[in-house]
Structures are given as structure tokens and as C-alpha cells.
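Here are my notes on the model, point by point. Please read them with the structure open.

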Amino acid sequence: MAVFPADSTDDDWQLAVKLLTGYEMPLRDSLFDKLLGNQKIPLMKIEFSDYNGVPSNAVLEAIDDMNWRVQNSGWRIENTDFVVPFFSGKHGPITSASVGTKVVMKKARVTLIGTRGSDAPHGGWGEGGDIVSSMDKPFDDLAAHQTWNDQALHQYSYGGGKALEALLGTQQSTIDFVFNGLPVERKNAVSLKSFQDAAQAFDRAASFFSQRHADLSDWEFDLGAEETSWKGQAAGVFRDLIHGINRNYREYNLQLPTLQLPMVGQLSQYGTELRNFETALQNASQNLYNAWDTWQLYEGNPLRWLHDVLLDVTDYMWYHNLTKVRYKRSSRSGDHKVISGEFSGGYKDWGALEDKATWKRIGEEAIRKWQESVKNELGKVGRQALIDIQNSWNDQKFTAITTVSVDLQQQLAIDQQDKKDKEQKEKEEEAKAEQEKKDKEQKEKEEEAKAEQEKKEKEQEKKQEELQAKQDAKQAEQEKKQEQQQAEQEKKQEQLQAKQDAKQAEQEKKQEQQQAEQEKKQEQQQAEQEKKQEQQQAEQEKKQEQLQAKQDAKQTEQEKKQEQQQQAAQAQQTAMYAQQQKQQEEQQRKADQKQAEQEKKQEQQQAKQEQQQAEQEKKQEQQQAEQEKKQEQQQAKQEQQQAEQQKKQEQQQAEQEAKQGEAQKKQEQLQAEQQKKQEQLQAEQEAKQGEAQKKQEQLQAEQQKKQDEAQAKYQDQLSHQRLGGDLGAVSSDALPGGSHLPAAGGDGTSTINPDGSVTTHYPDGSSSTLDPATGQSTVTLPDGHREISQLTPGESLNNPDGSWTTRQHDGTLTTDFPDGSSTNVDPHTGDVTTTLPDGSRSTTHLQPGQDFPARPDNPYDSNLNRNQPNFEEHLFDDRQLNASDLGSPLHSAQGGQGNVMTPNGQQPMLPMGTRINGSTSGGPSTGERIRAVLGDEPQTVIRRRPASGTTDQEGVGAAQRTGSTSSSPFMPPMHPPGGGGQQQDTQSSDRERESWLTEDEDVWGADEGGAPASIGRE
């Protein structure tokens, strides 16, 4: 049960400590459950008692009882037993009382909970535990020898800081850390050294891949180029093998890049990023520890805040309780009585001090202030630490390390297609250069015509400017004459106005003189009246002072007598004061009456003067009206003259505009003729360009036709082989280089071009090419018509098959199909990501010029033809591969017949250590221990078998080292020539290693005791 107002909301201090150290502190709302005194009062026990000393000494003894205020100055609390004296009601608790009310002194005895034996609570960290009361018998609702426990409070206030101290210490780890009985679980412990260990592992791996790539590059260079004259079939296969291995190591080297740092040397990028994150984690922990180290000393103990609240309570009692009561002695006894209406028997609006509920609110206020200090001093720093760590981790970019599959046959086709593309590109560049030359000549002619036209326009503008200058000069002369006439008229008007102002000033001067004389007379009368009034007032005050002096003398004597005589003297004084006040009021009334008469006379004189002023203003307004009338007549005459002048000027302007319009019309006719000639030249140029484009498209159609015929021929031969024909009948010329297999759905193929654009060919003969860099889209219809448009990032293109292709802001292309599937192509990296309607995704890496299905193979699409033959079904046949099916030499040795040949007429090549029936020579090794590297989850490519509607999963494995007991050298997975790229990565394709290189032992993850799978944990 949480003690109000403690709560666990927004506890950033606890979250930050848990993340940085793994130390999980108790919840903040449960810290004070076992620190409650009588009547559930937090942090203290309260007992009330009556004052039994000398009544007249009660206040003095109360001051002595509060010496604990001095003893507990600062943050260290030396005295834990407090006494708070106060006056309360004679018959029970009160919060207020009227003057004269009898009150009695009470004492609240406060015992703080949180001490053990003679130790006093103070700032600074420490361990908590059970606290046993020394009471031998029950008190209020507490049992004898009551037990409290502050262990959870100490674990929260001090355990987190000590965990940070262990993380920043020499061990740099919170493994086996325990504070006050609360340990850090090993699975949650944090070790800064683990980041350094993982970073060094990355460094070793990156260095290994970099060196292997350099060695293999030297081998490949020494073997010579692709067209080396000495190279035969076997040498070519060996060179392709080295080339494929080198490609894998190059990919590993690119995925684990290295950095050359001054004074350090070569380090991996991932290792450097891990070290940066370690530094950010250490800095955040240090900042949080510094804040806690100050807080725990001065503000960590809740009793320190309770002490401050009790100081406020005693201050309030002094000013509103103890100093508002006096001891009154009578003939028989004495009592404490309230002498001020500001008396209070409670604290603020929390209730009476004699009520234990008020003291419960005082304890809750101490908890509130302690919790506020946690949020302000530790929570803010903890929140910033969480933000800094999150930002540091977001800056690091860790990606999965993948292995690029090597397909030699496909690479051969790509190389041949690249050669053809190169020749085609050279032809296109020649045609483009010729076209640019013609365009340049046409542009020069257009620029010459444009220059001639601009020359004529400038001459016309010059003539127009000369005519306009003459017109402006005439206009300026006319305006000058008009301004002169206006100035003369204004001068005459100013002279008339000056005369009028002079008369007005003279009239105002006379009025001011009369007003001054009248005010002077009024001031003299007022001064005389005030003088008389002051004399009367002085006499009256003198008499009053005399009477007051006598009264004071009598009062002095009367004060020495008994209280009854004092009351009588007071009554007599009150009567005399009332009589004196009455006389003074009468004198004031007479003075007010005279003042009113004087003001009445003054108002009459003022009214007369205002009447004279009104008559004068009326005459002045009449003169002003006559003057304005004359001025309006003069203005009307002047406006008429100006209107006539304006009319003449407009007529001249109209004539000038008519002449200018005729000249403009002639200029437009000349410009229209020139524009017509230019359009004719442009039309002729476009016609020539269209003919050239048509020829180009015809050549491309013929090439496509030949390629389709070769593809059909190859399909027939392959089907013949499937049905028992001679495999050797399929020659290497059956499938031209650069040709591609149709997609399973029959919706066409897409190609990543060398320039970064993507071309998609559709079954109806149409195609589209989209360049993500420029946004240019070219759609070619079956009849050869081309449509060119421009796509901005975020815009989409509607394809002939009903799909939509969108140009993304990051330079990728996304195609969405009607069945809910989509593909995302990154021309820069060659990555093709396919997403099916069920949410499954697969990624394929392609080289420039390599094809991929334009439409993903959707196993959930009911509209696909399940009986349509497909090339891939031969590769994924359910039959068990046996030696008798292939007619291999192995089968011949066993009495079998047949001859197996690859499409190029050669014997098929199997992976080393693999039998003809698909098993490996090494056999399974149950004692091998498999160790994976970062991102070693295999990618899954979903393939559909059209005939059966089932799906196959092909695992593309990441680089891994299998079997610490095998002896085969480290080599990425390879496929033999002749369709190895279509082979599934199944168990039958694995092989054991037969030899080891010494340097392979240093590969990260190969040795025992490698870096843990979870960085930051041990």
C-alpha cells in the first residue's frame, strides 16, 4: 500500500540506473510503507502532554523546549526527539479564538523514525534495516517494541549511486554487485569492457577480410585477363573460381569497412562505433553519478525534509500562537488569555495542532518535498542520460553481413550481354553525337535570327523612348506652370489667413486679461475667507489642547487607581470628547455654508463670462464662414482651369498612343512571321528525328525476335532432355548471352541498366524505362510510339500491366501490383526487395544488366495458370536425385548406361566432397559446434511451383564457419558452372573442410570463448 503522496510516476532516476547498471531499485511508492508511526503518521511518532510547570513561566520554558532548532542546524540531524509547545483550547483542540478566551499550553513530543540506538540520522549514504522501538508497552495503536524497516528507502536512495560507482570503478562492471541485500542479476549486469572486446573482434574480422581480398586480387591479376590466349577450359574454370571467391571477400570487406585513424592505425568502422557508444554510456553514467553524489549528502535523507517542515511549524506557532497569549493574574488565580484576534491554534489550513491528523499532513509534506528533490536533482539528469544514450545508439549503423552467391553461367551471360550493351551504347553515342551536331547548328541559326530580331526591337524601343522623352518634357513644362499658379493662390490665401489670425489673437488677449482680473478678485476673496477660517480653527485647537492637557493630567492620576475608577474617567473623557467633537462639527458647518455662498457667486460670474465668450465665438464663426466661401469660389475657378488643361493633355496623349499602337502592330507582324519560320524548321527537325527513332526501334524489334526464337528453341531442347533426350544436344548457343528467363507469372522482366535506370519489358511488347536519378520516364508502346514524362520524388507511373511504379525520395523505385504484392529496386546497390500480400519479404542482389521478374511470384494469386509450364519446375523436382538418373561415370562403373553433359558440352562439375547422390564425403559431424556471426540469420526466398501450387523456401546463408573440428579451409559457398545459381542451399550441398590455414584461426568467432552474442552483457 503506497503512502501518500509517494508515487512511481515518471521515475527517470530508476529507469536510468536500471539501463546503465542493471540494478533494479524498489518502486518509489513502496518506500515508506514500513516507516509509519502511530495513527499512520509518516516518519514520526507523536505524543501530546499538558504543561505542568509554573504558569507565568510557560512561554520561557517553551523557548527552552525549542533548542533542537539550533542543535539540528544544516543538513545533519543530531536531536531526534523534538518538543513543539503551543496553546490550545481549555476543553479541546481549537484553530482560532477571540480576544479574552482562556487557553492552556500543550506539548507535542515528536520522535523521528529512522535511527538505531544512539546514532542520529544524517546525510550521506548508508545501509538500512530493522529499527526496533524501546517502548516496553503498547502506545496508541503501536505494539510494544514496535519494529520499522528503512531498507527499501536506502536501496533506492543510495543503492543506485553505488551501482554507478561500481560501473565507473576499476572493474568497470556491475557483475556480482550487491547493496543492502539487493543484488544485480547476472543477466542484467553491465560491463564496459564487453564493448571493447566486441570492437576488437570486429577489428580482427575486418583486417582478415581486407587481407584475403588483397591476396586474391593479386592472384586474379597474375592469372591474366578474360581473353588471355594461353587460357584453356580448365584454366578458365580455375580463374572463374578465384574470381568468385575474391568477389565474396570483396563483399565482406565492403560490409566490414575499415578506418585509418592517426596515431592508432587501421580499425574497423563497426568497432569504432562500438567504442563511441561505450564512451557515451560512460559519460552518461558519470554525469548521473555526479548529480547523485551531491544529492545523497544534502537531500537524500527524508528526515532532513521533515526537520525543515517542523521548523516552519514552530515559526508559525511563534508568530500566531505563543506571542498572542498573556498570563492574567486575578485575586485568587491566573489564566492564559488570548490578547489578539490573530491567534491560531492550528498550522495554516491543515487543522488544529492538538489533532494527530494535522501531524499526518506534516509528515506527508516532508515526503512530497523529498520526492520533488528526487525528480529535480536526479530525474532530470537521468532523463538526459537516457536521451544521450538513445541518440548515440541511433548514430551507429549496424547492418547484417551477407554472402553473395556466385553463378558462373549467369556471370557469363552477364558478361556477354555487357559486351553487346557496350557496342550498342557506342552506336547510340555516335548517333547522339551526330544529332547533337545538327542540334547545335540549328541552335546557332536560331540564335542568329534571335539576335537580329533583338536588334530591331532595340531600335524600335529607342525611337519609342525619344517620343516619350518629348512628351515628358511637355508634360513637365505644363506641370511647372500649374505649380506656379497654385503657389500664387496659396500665397494669397496665407496672407488672408495671417490677417484673420492677428484679429483672433487680439480678441483672445482681451479675453485673457478679463479672465485674469476676475480670477484675481476671486483669489483675494478666497484668501480672506481661508484666513478667517484658519484663525477660528487655531483658537479652537488651542482650547482643545488646553482641555486635552488637563485631561491627560487627570488621566495620569486616574491610571494609578483601581480599574473601576479608570472606567469612570474613560466614560467622562469620552463624553467631553463627544462634546468637543460636536463644537468642532458646528464650526465646520458654518465654514462650509460660507464656502458654498462664495462658490455660488463665483459660478454666477463664470456663467456671465461664458455668455460673453459664446457671443464672441459666434461672430468669429460668421467671419470664418464668409472667408471659406470666398476661398471655395476661388478653388472652383482654379479646378475648372486645371480640368481644361488636363483635357488638352489627354487628347495629346491619345494621339501619341495611337501612333505607338500602329508601330507595335507592325512589330508583332514581323515577330509572328519569324515564329512561323522557326516552327517550320522545328517540324522538319522532329520529322527527321522520328524517322531515325523508328529505324532504331525496328532494329531493336528484330533483335528481340531473334532472342525470343532462341529462347523457345532452348526451352524445347530442355523439355526434350527432361523426357529422356540427350542432354548433350543442348549446346551453348541455344541460350544467347544476356537472355533472361520469363517470370513465373508471365508478366515480363525488369533489368537494372549500367547507368542506374530500370527497364521493364511487358508481354504485349511494350516497355518502360525510369531513371531514379533524373526522374525521366520513357514508355514505349507495341506500335513503337514513345511517351516521355518527368516524375518528381513521390509521383507514380501507371504501367501497361496495371501496376504503379513510384519514384521514392531515397532514389529507389517501388512497384505496387493489383494483387497486393510489391517490389523495391535500389539501382545504386542492386538490391531487389519483394513483398508478398501475406507480408513475407525476400531480397536479391543483382548486377547491372541482370534481369529479375517484373511481377513477384504470388502463391496466393488465384488468377495464375497453375498448369503453365515453367523452367524452374525442372530445378525443383520432387524426385530423389540418383546416379542412375544421370548416367554418370559412377553409374557406368556400376553397370549403368548414359552420358551426362552440361549445356556447353562438358562434364558436370560437383562441389568438392559431394557424392553424385547429393550426400557429402565427410558425413554429418555431431560433435561440431556451430558459431554464428552478427546477422547470420539466412534470408528466405519464396518460390512457387505453378503445377502444384506449393511453395519452396531457399535459404541464402550468411558467411559462417561450420565445425571447429573439421579441417576444411575457410571458403564461401560456391556453385559449379552450369546452373549452380539455381541450386538450393540444402544439407546435401554442405561439405567438410579437409585442411586449415594458420591465419584462419584468428577469424572472429572461430575460437573458444569468443565475444558474447549480446553486447553490453556477460
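Which residue takes a positive phi in the hairpin of E19 and E20? That question leads into the first points. Bear in mind throughout that this is a predicted model.

1. **The E19–E20 hairpin.** The residue is Gly820, with a positive phi near 100°. The hairpin has 5 residues between its strands. E19 and E20 (residues 822-826) run antiparallel and are joined by 4 bridges. Look at Leu813 for the register: in E20 its bridge partner is Val825.

2. **The E18–E19 hairpin.** E18 covers residues 804-807 and E19 covers residues 813-816. The two strands pair in the antiparallel sense, over 4 bridges. Here too, 5 residues lie between the strands of the hairpin. Gly811 sits in the turn, and its phi is positive, about 90°. On the E18 side, Arg807 stands opposite Leu813. Leu813 of E19 thus has a partner in each neighbour: Arg807 in E18 and Val825 in E20.

3. **E20 and E21.** Moving along, E20 is joined to E21 (residues 831-835) by 5 bridges. This pair is antiparallel. For a register check, take Thr823, which stands opposite Thr834 in E21.

4. **The sheet as a whole.** How many strands form the open sheet? There are 6, in the order E17-E18-E19-E20-E21-E22, with antiparallel pairing. Its edge strands are E17 (796-798) and E22 (841-845), each of which pairs on one side only. On average, neighbouring strands are turned by 20° against each other, direction ignored. Strands of a sheet pair through backbone hydrogen bonds, either parallel or antiparallel.

5. **Helix packing: H1 on H7.** Two packed helices are described by the angle between their axes and the distance between the axes. H1 (residues 12-21) and H7 (residues 269-298) have axes that come within 11 Å and cross at roughly 135°. That angle makes H1 oblique to H7. The crossing is left-handed. H1 contributes Trp13, Ala16, Val17 and Leu20 to the contact, while H7 contributes Leu281, Ala284, Ser285, Leu288 and Trp292. By class, the contact of H1 with H7 has 8 nonpolar residues, 1 polar residue and no charged ones.

6. **Helix packing: H4 on H7.** H7 also meets H4 (residues 151-167), with axes that come within 9 Å and cross at roughly 140°. H4 and H7 are therefore oblique to each other. Their crossing is left-handed. From H4 come Ser157, Tyr158, Gly161, Lys162, Leu164, Glu165 and Leu167; from H7 come Ser285, Leu288, Tyr289, Trp292, Trp295 and Gln296. The classes for the contact of H4 with H7 are 7 nonpolar, 4 polar and 2 charged residues. Ser285, Leu288 and Trp292 of H7 are listed in the contact with H1 and in the contact with H4.

7. **Helix packing: H8 on H9.** Is the crossing of H8 and H9 left-handed or right-handed? H8 passes H9 in a right-handed crossing. The axes of H8 (residues 302-320) and H9 (residues 356-395) come within 8 Å and cross at roughly 130°. The two helices are therefore oblique to each other. On the H8 side, the contact holds Pro302, Trp305, Leu306, Val309, Leu310, Asp312 and Val313. H9 supplies Trp359, Ile362, Gly363, Glu365, Ala366, Lys369, Trp370 and Ser373. By class, the contact of H8 with H9 has 10 nonpolar, 2 polar and 3 charged residues.

8. **A length check on H5.** What should the 30 residues of H5 (residues 193-222) span at 1.5 Å a residue? The expected value is 44 Å, and the end C-alpha atoms are 44 Å apart, so the two agree. After H5 comes Gly224, with a positive phi near 95°.

9. **Backbone points before H1.** Most residues other than glycine have a negative phi, and most peptide bonds are trans. Two places in the segment before H1 deserve a look. The peptide bond between Phe4 and Pro5 is cis, with omega about 5°. Pro5 is found in that segment. Asp10 lies there as well. Although Asp10 is not a glycine, its phi is positive, about 50°.

Methods: Residues are numbered from 1 along each chain as its sequence is written. This is a predicted model: local features need pLDDT of at least 70, side-chain atom pairs count only at pLDDT 80 or more; totals for chains, interfaces and linings use all residues. Side-chain values use heavy atoms; hydrogens and water are left out. The expected span of a helix is 1.5 Å times one less than its number of residues. Two strands pair if DSSP finds at least two bridges between them. Axes are lines fitted to C-alpha atoms, for helices over the stretch in contact, and angles run from 0 to 180 degrees between N-to-C directions. Angles under 35 degrees count as roughly parallel, over 145 as roughly antiparallel, 65 to 115 as roughly perpendicular and the rest as oblique. A crossing is left-handed if the near helix is turned anticlockwise from the far one by less than a right angle, and right-handed if clockwise. Contact means heavy atoms within 4.5 Å. Ala, Val, Leu, Ile, Met, Phe, Trp, Tyr, Cys and Pro count as nonpolar, Asp, Glu, Lys and Arg as charged, and the others, Gly among them, as polar.
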